[in-house]
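Colleague: I would like to learn how to read the features of a two-chain model, taking them one at a time. Could you give me the general idea in each case before turning to the example itself?

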Amino acid sequence: MTEQSKSNRKKGKVKWSKLYTFSCLKPNFDDQQLLGQPGFSRVVFCNKPELHKAKPYKYPNNYISTTKYNVVSFLPKALFEQFRRVANLYFLLAAILSATSLAPFTPTSMIAPLVFVVGLSMIKEAVEDWSRFLQDMKVNSRKVKVHAGNGIFVERAWRTLLVGDVVKVTKDEYFPSDLLLLSSSYEDGVCYVETMNLDGETNLKVKRCLEATLNLDEDSGLRTFSATIRCEDPNTNLYTFVGNLEFEKDSSPLSPDQVLLRDSKLRNTDYIYGVVIFSGPDTKVVRNSTRSPSKRSRIERKMDHVIYVLFSILVLISLVTSIGSAIFTDHDMVNAWYLRLKVEESTDPSFDPKDKESKDPSFDPTEPLVSCFYQFVRALILYGYLIPISLYVSIEIVKVLQAMLINKDLQMYDKLSCKSVEARTSNLNEELGQVEIILSDKTGTLTCNQMEFRKCSIEGLSYGGDTTEIDLAASRRMNIEIERYRFSLDGSDSTSRSLEMFEISAENSSTDKVTLANDQGMENFGAGNLGYSVSGKEANIKGFNFRDSRLLRKLWIHRSEISNMMMFFRVMALCHTGIPIEDSQTGKLKYEAESPEEVCFLIAAQEFGFQFCRRTQSKLIIKEPNPSGVEVEREYKLLNLLEFNSSRKRMSVIVRDEDGHIFLFCKGADNIIFDRLADGGRTYQQATTMHLSNYAEDGLRTMLFAYKQIDVTEYENWNLQFMKAKATIGFEREELIEAASEIIEKNLYLLGAVAVDDKLQDGVPECIDKLAQAGMKIWLLTGDKKETAVNIGFACSLLRHDMQQIRISLSKEAESTNQVKAMKEDILQQIESSYQLTIKEENREHPFAMVIDGKALQIALANDMRQKFLRLAVSCAAVICCRVSPKQKALITRSVKEYTGKTTLAIGDGANDVGMIQEADIGIGISGMEGMQAVMASDFSLPQFRFLERLLIVHGHWCYKRISKMILYFVYKNVAFGLTLFYYEIYTSFSGQVLYDDWYLVMFNVLLTSLPVIALGVLEQDVSADTCLQFPALYQQGQRNMYFSWKRIIGWITNGIFASLAIFMLNIYILSPTAFLKDGNVADSAHIGAIMYTCVIWTVNCQIALIVTNFTWIQHFFIWGSILSWYILIFLYGVLPPKYSYRQFQLFVEAIAPAPIYWTATLLIVVVALLPYFIHIVIQRSFYPMDDHVIQEMIYCMTDVTDSPAWLREQENSKKKTHIGFSARVDAKILHLKEQLHRKKTLIFKSFVNSPIYRTMTNSPLS
Amino acid sequence: MASEERSSLSAGVESHRAPVPVHQFKQQNLPACKPVLTPAWVITTYFLIGVLFIPIGFISLRASMGVVEIVDRYDTECVPNSYKSDKVAYVKDMSVSKNCTRYLKVKKRMKAPIYVYYELDNYYQNHRRYVKSRNEQQLLHGLRYNSTSSCRPLELNKGLPIVPCGLVAWSLFNDSYSFSRGAEKLNVNRKNIAWQSDRDHKFGKKVHPFNFQNGTLIGGGKLDSRIPLSDQEDLIVWMRTAALPSFRKLYGRIEEDLDEDDVVIVNLLNNYNTYSFGGKKKIVLSTSSWLGGRNNFLGMTYILVGASSMFIALVFLLLHKLSWARQ
């Protein structure tokens, strides 16, 4: 022992702890050392929470907070967030400067809009945080029974819990914090836990208490309970726990098996007792919750650049102004005596010294540089209207509203789960309209994660020869092709038609029966409804779709040799982690297990007569038929359970039956089991291998069953080793257990294989079809094996038969040498040759598809090869990556995103997709069957994959256009308005005087132009939702970013410049210098300002009316209401006493409104300012129309109804370039069939020509 | 099954309980008009603009053409030959007579009222320093209001407040005109030349000029301290600062018709110094129309825009027909 400890001492501190804790010595003095260890310092005094109220054992109570702010920190923190935006910071500086004499405006008029904008954003933050707070409060005030002393339990709120408290949790309650399980209502101290909120797994997990605390199973027993737990510090690792419990002078090691984590739920157990070890912020789940990275959309990032452009313009004109001002002051203004810039002290003996102070530094002719600087700062503030201050806040409002509308869409409401689409962040609405690559998970996303037991192969015989849904889908598709084909070959004779029927049936003879049987299903198919039911009543059992009388009616029992058969079913009924649940309705049992496959096996076993009835801590009870067919109950003692994990890919149980024989039952992946067979156990290997490949081609998931019998002595020896491994603490535990398992799991005897079907979700093929037409590429990333992945690929039309498949995987030789270099070369060579192939293939009638597996991918994604790999992958129409780990999923996503620079969308449902979801530009979680992990990490959650179609093609498209139009319009309106301020400076010798009243300026962004643009952002639709879906190709406008290109941005800025010039110049020339009223009055600056401002308001509001293509009453109300509100504003302002209204006093009533020239000038100027845009849009629509224009016109002129061929032609044109998806397959098929038909026809013709009848006919004298 | 029922129920509730417009809003299918710029629409729109604008243009042009305007620049002519080289000295020299006589020939009959304006050029009444240098409160309340810092640099003189303070008032225009037709004196009505609202609400009825133009540096005109500010219409007009460096301000009205070929003799006092900064001074006699003074710009632009709209309409019509024919 000492030798060992000496050698271990060098290895590190962690090993020390292991050694002392678990070598039976456990000397007390070592605890001190243990405490000092980093990471293992926590001490919990059970049942003595008061000890944890003070140092040194003071731990936080169970209050958790997910809020971003608290009352004190809200203001500074939220303000800081706001002023991180450059634009806001600029306005803040401007507002501060407005307090000085430099400002061209009054301080209030500078501060008010800023306060408005920042206030609005902060209110939004506060409301969001408040709802988070309420949610926290709800959680924090949940009640739990806590031991209050003397064996009495009282209900207390969760937040009051302290470390050391003993709590009692009853059935279906959540655990309030991380607990140490003391005992449960079961006598063996197990409890079942649902961890859906932690890892998304719906199956139940078993937790076991320590032997030592097993007896503390009633309230009174806890009166005197006292123990000390020493354990690791709070950390994020959900699956490990290191610690020990000192109870009654005994110390026992603790493992994750005894730890109940917060946010998981107690199931199937009446109650448990537990001690709080980690509370509140220390709990593993809270430590694990990371805020998903905040994503910004492409458009918003580009918008920043637009803002920078505007800033540059701002700085430029400010420079012009300041230099101009200095020159003017120096040359001209110095002579303008009425300004008194030059104070001639010498000629003025009675000079008032106060006058000297009043020398204005910004117009000091003696110091041109200083005044130049002052004027520059003033100009920067003055032209601030170029920067759309309300842009950010408007966009935020719009996006929240957009998200709300997305959430409310009834067509994305799943009636089965009562869930609708949820936009969890509103930041990315418009990004939905630009997606180019979709990376999709398979299980639970494309498929239901609902397994159906379909086939099995026992002793080399295959049972259950039914067709799969994929077959059905294929045959149904063939039917459609016939229809389409008849339609397209209008007028062809009946011979060819029947010929073609013959073709198809010959081609797909295996499915002809189904083809005929499903003629009705076909109609539903077109409507996007895949809700077809499997014919036959016996298949009504969920998870069981197996029809073979040989097995179902127990005919096998009469066979001569049935022991292997029995073993096969025993493996099915015993080798699992499931538990049965009574189902009162059917009388049969339902099951819950770790994976849906297991459930499906258990159901199948039940159907085959091996009903798994009960599970206790150490026993499994099943009902099985004895050889004579009579059902008997048998008990199997569970000796060991070797768990399934992704690296082992197998699971075993070791049981002892009633006769005392020890068996190991094992199930696992094919290659794993084949490697572990005994020489005598390979009887059926060949036959089974063949069946396996058949099953896999059908898209079924397969698993092998094997067993072996173990000697008692062999078992005893092994068990010692295994127990030792299990008792190990620390990092090598897993390794040791695995090594031990490896020893026993060999020399197996192969029994057979089972195949389960992965059901496709509703509408997946149609959805993929539409997405493909919309120009999106779809990558399938799955952990499944290649064959399954490829089959699902076929089922959802990602692949088709005439595609050239590029398969990249490690060759056997390269894999066997296991040398990185060899593998690299191998992969590189494959990539290079494939790439050459894709380049050579000029005509793209036969697109490429790539299938790559995880190992190859790992090499291909290494730094030096990544470029080449991605270049190849991007040129393929479809990419399927199989056998990939969650980490690889994320890596692929990042690589694709970085390499292509295109918008990527990742969609998945499970915890393994979280990385990919967070990495992609848009992450989507399926909120269906599995847990919340993916949803929590996602930006949008969908109840069904098929809603992706509507989310992207309709909402994404709309939102993209809305936001782009909105930003462009914002830029336009601020340029159009802001520049008029600059032009005026030219006329005021660049002195910084403003033509408009301060309050007009304030109102511009806040009231007079803000609402129409918000309405635009929320309600604009270029085409209706139905049309969007009919023309998925419209979506490509977003992918190519046609609506927010620099060309367009510059175009809109130019338009703004023109509008500002038109407004300013025309006003000046119309109103000056002559009288503008009949009574001879001339217009002063207030009049000209108000009139010009009227023109600005009209122009920008009419401009938005020109942009809007979908005028609801809301748009009308806002646009015309904004214009009207300007008149109301100027009227009301004029009514105020002159103390407040200054020069605007009675301006409207007295001067402007009675002047006919005011109204005529407004009309003229608005028309002139809008003319260029109008001309541009007309030219574009007439001569270079975009897709949406054509479609709009067709709908408008009703040609979609009257001229349906043209409409269809447009539709066909729009989806020309797609390679994947159902329609593309149909097209390819039609092409193929046509070719064949042509060949057939010529054949017939030849035979006909050669036939004697024809000869006699032609030889007749008539011809 | 139960869940399905419940869900369809809730969906039904969603669609039926909400009022129709709210439901339509949520489902984004509010009834909407979807204007599309089809060629027919575009051509019609351009055509309509043309049809509307050309007449408006002609009407405006006619109104403007009907206005008779006489403009006479006198600042250079009214300087005695001996001072031609140094006009600033002339205007600053108090001892020299500033009298000057101009003869204006009426080319076309002018109907009363004939408005008399003075026009200044290159005069930056809109300079920031100038515009700010006034105090509205003081103009209304006089000496009672004494925080007049905005008036700098003309807030105080010899420690006493100035009413009206500020550069604007200080630089009051002070050329004066009198008119005669032959021997007959033409009366100029100088009442009601300022805005009613200014006289009633912005310039105090009991506020008299105080300590005005008492400094060593005298800017423009002086004010009669017996007359309250609200009646000093010259000042009120002047205080309405112009938007552009070239501006006219109303001086008065001649309420008699002037016939063609009449010669109006203007006797003026050339007091105001525009020489130091190179400004121009003009006297303007003008009638007015419903559109105001003589300014053809509005009418011309209307006609131009209307005509080009018509032209564009024609071009598009042609193009449309052509492309249609090609199809």
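Colleague: What distance separates the centres of domain 1 of chain B and domain 2 of chain B, taken over C-alpha atoms?

Modeller: Before the distance, a word on conventions: this is a predicted model, in which local features need pLDDT of at least 70 and side-chain atom pairs count only at pLDDT 80 or more, while totals for chains, interfaces and linings use all residues. Residues are numbered from 1 along each chain as its sequence is written, chains are lettered from A and ligands numbered from 1 in the order in which they are written, and side-chain values use heavy atoms, with hydrogens and water left out. Domain bounds come from an automatic or database domain assignment; here domain 1 of chain B joins 37-67 with 296-327, and domain 2 covers 70-287. Their centres, taken over C-alpha atoms, are 44 Å apart.

Colleague: Which residues of chain B does the UniProt annotation "transmembrane region" cover?

Modeller: UniProt positions are given in the numbering used here, with feature names shortened, and annotations may be inferred rather than shown by experiment. The unreviewed entry places the annotation on residues 40-61 and 297-319 of chain B. With helices (H or I, at least four residues) and strands (E, at least two) taken as DSSP runs numbered from the N terminus, residues 40-61 are 100% helix and 0% strand, with end C-alpha atoms 31 Å apart. Residues 297-319 are likewise 100% helix and 0% strand, and their end C-alpha atoms lie 32 Å apart.

Colleague: How many residues of chain A are in contact with chain B, and about what area do the two chains bury between them?

Modeller: Contact means heavy atoms within 4.5 Å, and by that rule 104 residues of chain A touch 96 residues of chain B. Buried area is the accessible area (1.4 Å probe) that two parts lose on being put together, summed over both; for chain A and chain B the value is about 8,800 Å², 63% of it on carbon and sulfur atoms. A:Trp337, A:Tyr338 and A:Arg340 supply 10% of the area that chain A buries against chain B, more than any other three residues.

Colleague: How many salt bridges does the rule find across the interface of chain A and chain B?

Modeller: Side chains of opposite charge can pair when their charged atoms come close. The rule asks for a side-chain nitrogen of Lys or Arg within 4 Å of a carboxyl oxygen of Asp or Glu, and it finds one salt bridge across this interface, in which B:Arg240 meets A:Asp1084 at 3.0 Å, N to O.
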